Amino acid sequence: MRPVPTRQDCAALDAADPLASYREEFVIEDDSLIYFDGNSLGRLPKATVRRVEQVLTREWGAGLIRSWREAWMELPARVGDLIGVGLLGAAPGEVVVSDNTTVSLYKAISAALDARPDRRAIVIDRDDFPTDRYVVESLARQRDLDIRWIDERGPDGVTADDLRVVMDESVAVAVLSQVDYRSAALVDMAGLTALAHGSGALTVWDLCHSVGSVPIDLHAAGADLAVGCTYKYLNAGPGGPAFTYVNTARQAELSQPIWGWWGRADMFDMAQGYQPRDDIQAWLTGTPGVLSLAAVEPGADMIVRAGIGEIRHKAKALTSLAVALYDGWLAARGVGLASPRDAERRGSHLTFTHREARRLTDELISHGVIPDFRRPDGIRIGLAPLTTRFVDVFDGLALLRAALL
């Protein structure tokens, strides 16, 4: 068995970390707080404070309605291009930011179903994030469709064999997550997309737990549609808007179902009848929330600036450290590992299991360590590479070990 890493080892990793200086770009009131929830709500960038203040005082306060034309009209597409080109492997004009994740998923899945009207089934993982499942169940009820559930899989996530069992020519769309929200399993997006396409189905990818933490190349994967949130690794703040990706090759074929004036061609002519725009902004609906949109930009820009390659390298190192400490400290004390052991197969979080997970989570929080409890027995630790230090992992898991004694 390998030696358990020491705190001195972790301090040396922090000293050599090329991303260490990015922690200084965030609002951190208590440097001793160990925050293991950046995969659920990212920390606040200092640049976001300045950007929102600019919108409030200069653009809204001084510019008033003039700021729509001078600063705000192009925000959904501009921020979309920042995320799409910088982080998703998308081309300009394929990503737009608006709505929340649930509404964006509803639009994307509805559009895929409309494009395959003779097909009567939707595929989704039974362990996928609740909002994904609920949207699919809602649409299946509305349209009298069948749901093909992917069942009986382990912590390594959906495989080609799992998907192959439920795919046939009756499936209209497969709804899949690139990184599992509980186990952090990172799936083969290109392989699963190709398998779905082999049956003539479209794919809708949920990128909520992958964007900003793992490299994504939607074009190389052949993805049709994708949706992701901005308040996790992109640090856009609570309730930050979601983004929607629509492959250029599919934009003429796919039509989103919630028509509003922001998606209409010549929106200001107020004419009768709906005629959608001929670009990605056809996926807009109502007036976007300018304050929340503006808050997306600084965090996404920081991720692009830091480089997703460096971020991914550190994420693997952080989670590998956590696994090594688990092996040395926690496994023999009744704690399970519900995440892939192979760093290449997981995102930037881990889930440990224990019969007293709720109590242990509460005890950690009382000692200044903030993880996530996941029913029924999961303790999820999110290791956001721009703000999490290696010594944080050591100290946080040392406290978990102490709580088990």
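Trainee: How far does helix α13 reach from its first C-alpha to its last?

Mentor: In this predicted model, helix α13 covers residues 390-404, a run of 15 residues. At 1.5 Å a residue, 21 Å is expected, and the computed span is close to that. From first C-alpha to last, α13 reaches 22 Å.

Trainee: Is α13 mostly covered or mostly uncovered, and how many of its residues are buried?

Mentor: A residue counts as buried under 20% relative accessible area. Among the residues of α13 that meet this are Phe 390, Asp 392, Gly 396 and Leu 404. The helix is mostly covered, and the number of buried residues is 11 of 15.

Trainee: Which helix gives the largest share of the largest nonpolar core?

Mentor: The largest nonpolar core has 56 residues, and those with the most contacts inside it include Ile 83, Trp 205, Leu 207 and Leu 386. Eight residues form the largest share of this core, and they come from residues 290-306, helix α10.

Trainee: Which residues does Leu 207 touch, leaving aside those up to four places away in sequence?

Mentor: Leu 207 belongs to the group with the most contacts inside the largest core. Its partners include Leu 88 and Leu 218, which are themselves in that group. Also among the residues touched by Leu 207 are Gln 178, Met 189, Gly 228 and Phe 243.

Trainee: How many disulfides does the structure hold?

Mentor: A disulfide needs two cysteine sulfur atoms within 2.5 Å. For Cys 229, the nearest cysteine sulfur is that of Cys 208, 3.7 Å away, and Cys 229 is in no disulfide. Cys 229 is nevertheless buried, with a relative accessible area of 1%. For the structure, the number of disulfides is zero.

Trainee: Which strands stand at the edges of the open four-stranded sheet?

Mentor: The sheet has antiparallel pairing in the order β9-β10-β13-β12. An edge strand has a single partner, so one side of it is left without a neighbour in the sheet. The strands in that position are β9 (336-337) and β12 (372-374).

Trainee: Which residue in β13 stands opposite Arg 374?

Mentor: Strand β13 spans residues 378-382 and pairs with β12 in the antiparallel sense over three bridges. The residue in β13 opposite Arg 374 is Gly 378.

Trainee: What angle does helix α12 make with β13?

Mentor: Helix α11 (residues 308-330) lies across β9, β10 and β13, at about 20° to β10. Helix α12 (residues 357-366) also packs on the sheet, touching β12 and β13. The direction of α12 makes an angle with that of β13 of about 40°.

How values were computed:
Residues numbered from 1 in each chain as written. Predicted model: local features only at pLDDT ≥ 70, side-chain atom pairs only at ≥ 80, totals over all residues. Heavy atoms only, no water. Buried < 20%, exposed > 50% of the residue type's maximum accessible area, 1.4 Å probe, protein only. Pairing = 2+ DSSP bridges. Helix = DSSP H or I, 4+ residues; strand = E, 2+ residues; numbered from the N terminus. Contact = heavy atoms within 4.5 Å. Axes fitted to C-alpha atoms, helices over the stretch in contact; angles between N-to-C directions. Core = buried A, V, L, I, M, F, W, Y, C linked by side-chain atoms within 4.5 Å. Expected span 1.5 Å × (residues − 1).
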